Amino acid sequence: MPGGVKYRGRTAGMRVEAAAVMLSQTPIFTIHAELGEIRHFGQTPYGERRVIDILGGRIEGPRLKGRILPGADWQIVRPDGVTDLQARYAIETDRGTRILVTSDGLRHGPPEVIAALARGDQVDPARYYFRTLMRFETADPTLTWLNRILALGTGVREKLAVRLDVYEVV
């Protein structure tokens, strides 16, 4: 179609059609990461700095199963209330191979919702925005597909855990 968006050999007449195929239809895996308590570092010129240790957890999916190795989530709570997330950790697959994970995201919502999350209350994830862009690095030849993708995680914050449904950006 003239003026359409070409995507994977097809031409879509509307931008909405192209956007509809930007992510895998189902999560490629789900991450459940166990977290430590928030360590506060105070108000810096960039915002309130804090670090949350990633203690462990599990990853489950049709192509990948394993455990989360320790890491950390370095956060800045910006003056506009948005939390800027930068997590670095590793996955050890059930076969014993390792994958490095880089995750950069944002979480925000109405002040009362963010306050409820901070208290550890269970909050409907539809009431706040929690997304993270993920990249992977591995030497395992059977998992090199991870080295060549970007992924988008949609998150749920729990009292001492985070759950991410991870979709491949196609």
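User: How many cavities of 30 Å³ or more does the count give?

Analyst: This is a predicted model. By the rule used here, the count comes to one cavity of 30 Å³ or more. Its volume is about 190 Å³.

User: What makes this a cavity and not a pocket?

Analyst: The way out decides. In a cavity a 1.4 Å probe fits but cannot get out, whereas a pocket is an open set of points. The space of about 190 Å³ is listed as a cavity, so a 1.4 Å probe fits there but cannot get out.

User: Which residues lie nearest the centre of the largest cavity?

Analyst: D73, A87, F130, V162 and L164 do. The lining of this cavity has 17 residues in total. To count as lining, a residue needs an atom within 4 Å of a point.

User: Where in the chain does the lining of the largest cavity come from?

Analyst: Strands β3, β4, β5 (66–77), β6 (83–93), β7 (98–108), β8 (129–138) and β10 (161–169) each give two or more residues.

User: What classes of residue make up the lining of the largest cavity?

Analyst: Eleven are nonpolar, three are polar and three are charged. D73 is one of the residues nearest the centre. Asp counts as charged, so D73 falls in the charged class. A87, F130, V162 and L164 are also nearest the centre. Ala, Phe, Val and Leu count as nonpolar, so these four fall in the nonpolar class.

User: What is the volume of the largest pocket?

Analyst: The largest pocket has a volume of about 300 Å³. It is lined by 17 residues, and I38, L117, A118, R119 and R157 are the closest to its centre.

User: Which elements supply the lining of the largest pocket?

Analyst: β3 (29–44), β4 (47–60), α2 (111–119) and β9 (150–158) each supply at least two residues. Helix α2 gives the largest share, with four residues.

User: What is the mix of classes in the lining of the largest pocket?

Analyst: Six residues are nonpolar, three polar and eight charged. R119 and R157 are among those closest to the centre. Arg counts as charged, so both belong to the charged class.

User: Which helices and strands does the protein chain hold, and in what order?

Analyst: The chain has two helices and ten strands. From the N terminus on, the order is β-β-α-β-β-β-β-β-α-β-β-β.

User: In what order do the eight strands close into a barrel?

Analyst: The order is β3-β4-β5-β6-β7-β8-β9-β10, with antiparallel pairing. Neighbouring strands of this sheet are turned by 30° against each other on average, direction ignored.

User: How do you know that β3 and β10 pair?

Analyst: Two strands need at least two bridges to count as paired. β3 and β10 have six bridges and pair in the antiparallel sense. Six meets the cut-off of at least two, so they pair. One bridge sets E34 against A161 in β10.

User: Why do β3 and β4 count as paired?

Analyst: Twelve bridges join these antiparallel strands, and at least two are needed, so the test is met. Among the partners, H40 stands opposite R50 in β4. T30 has E60 as its bridge partner in β4. The two strands form a hairpin with two residues between them.

User: What joins β4 to β5?

Analyst: A hairpin does, through five residues. Nine bridges also join these antiparallel strands. R50 stands opposite Q75 in β5.

User: How many bridges does the β9 and β10 pair have?

Analyst: Nine, in the antiparallel sense. Here R157 stands opposite V162 in β10. R157 is also among the residues closest to the centre of the largest pocket, and V162 is among those nearest the centre of the largest cavity.

User: Why is V101 called buried?

Analyst: Its relative accessible area is 2%. Buried means under 20%, so V101 qualifies. V101 lies in strand β7.

User: Which residues does V101 touch?

Analyst: Leaving out residues up to four places away in sequence, V101 touches A87, R88, Y89, I91, M134, R135 and F136. Each of them has heavy atoms within 4.5 Å of V101, because that is what contact means.

User: What share of the 170 residues counts as buried?

Analyst: The share is 40%. Each of those residues has under 20% relative accessible area, because that is the cut-off for buried.

Methods:
Residues numbered from 1 in each chain as written. Predicted model: local features only at pLDDT ≥ 70, side-chain atom pairs only at ≥ 80, totals over all residues. Heavy atoms only, no water. 1 Å grid on protein atoms, 1.4 Å probe; cavity = no way out; pocket = protein on both sides within 12 Å on 5 of 7 lines; lining within 4 Å. Points joined across faces, edges and corners; volume = space filled by probe spheres on them. Axes fitted to C-alpha atoms, helices over the stretch in contact; angles between N-to-C directions. Buried < 20%, exposed > 50% of the residue type's maximum accessible area, 1.4 Å probe, protein only.
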